[in-house]
Amino acid sequence: MTEHASKTLIIIDPQNDYFPEGKYPLWNTELTLANIKKAIERAKQQDIPVIIVQHIASSEMAPFFNKGTEGAAIHPEIAAAAPKATIVTKSFADSFEQTNLAQVLAEKDINELLLCGMMTQNCVTHTAISRQADNYTVSVLTDCCTTIDEMIHNIALNAMLTRVRLLTMEQVI
């Protein structure tokens, strides 16, 4: 086991529907995408495993991320940057809820989560403050997250301050 084996980089919902040609494009996606790719490269250099969480929504509940659509697919630049990443599929905002994420983390002997992705106020926050996340040291990589606009992004980050560490990618990996 390497010195960093207890950490993992978790990228939440880096899916096509959140990018400019998708059904629900977010704010600042190009810079966020570039930063996530840098975080993946740094993680690989330090033997930190990468986990990608992919949201698949029922078409009755959501107008995007529907199974089998191009919009639900992992953004191709993320997939290319992390071809060996473990993929965890979810259908709720909390990446732990009814998924195998806790099992994957146990198998990899993980005790520290480096979270990033889309949307800061929803899936990133719900995962960061999940009851199951209480079992880990949790950091949110603020420069590797985005949402619908800058104000909502900053409000969400501020709301997590009492529960998790807020750091930039360079402060952690």
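Strand β4 is a good place to start, and Glu112 is found in this strand. The model described here is a predicted one. Glu112 is buried, with a relative accessible area of 14%, which places this residue under the 20% limit for burial. Leaving out residues up to four places away in sequence, Glu112 touches Ser6, Lys7 and Thr8, and likewise Thr137, Ser139 and Arg165.

Strand β4 covers residues 112-118, and Met118 also belongs to this strand. Met118 is buried as well, with a relative accessible area of 0%. Once neighbours within four places in sequence are set aside, the contacts of Met118 include Ile12, Asp13 and Pro14. Tyr18, Phe19, Leu26 and Thr32 are also among the residues in contact with Met118, as are Cys123, Val124 and Thr146. Cys144 makes a useful reference point for Met118: the two residues are 26 apart in sequence, while their C-alpha atoms are 8.7 Å apart in space.

The cysteines deserve a look of their own. The structure holds 0 disulfides. Cys123 is in no disulfide, and the nearest cysteine sulfur, that of Cys145, is 11 Å away. Cys144 is likewise in no disulfide; here the nearest cysteine sulfur belongs to Cys116, at 5.0 Å. Because a disulfide requires sulfur atoms within 2.5 Å, the 5.0 Å between the sulfurs of Cys144 and Cys116 does not qualify. Both Cys123 and Cys144 are buried: the relative accessible area is 3% for Cys123 and 0% for Cys144.

Attention now turns to the aromatic side chains. A search of the whole structure finds 6 aromatic pairs. One of them joins Phe96 and Tyr136, whose rings are stacked, with a distance of 6.0 Å centre to centre and an angle of 20 degrees between the planes. Phe96 lies in the loop between β3 (86-90) and α3 (101-107), and Tyr136 in the loop between α4 (120-128) and β5 (137-146), so the pair ties together parts that are 40 residues apart in sequence. Phe96 is buried, with a relative accessible area of 3%, and Tyr136 is buried too, with a value of 16%.

Elsewhere among the aromatic residues, Tyr18, Tyr24, Phe64 and Phe65 form one cluster. Tyr18 provides a link back to strand β4, since this member of the cluster is also one of the residues in contact with Met118.

Technical notes: Residues numbered from 1 in each chain as written. Predicted model: local features only at pLDDT ≥ 70, side-chain atom pairs only at ≥ 80, totals over all residues. Heavy atoms only, no water. Helix = DSSP H or I, 4+ residues; strand = E, 2+ residues; numbered from the N terminus. Buried < 20%, exposed > 50% of the residue type's maximum accessible area, 1.4 Å probe, protein only. Contact = heavy atoms within 4.5 Å. Phe/Tyr/Trp six-rings, centres within 6.5 Å; stacked < 30°, edge-to-face > 60°.
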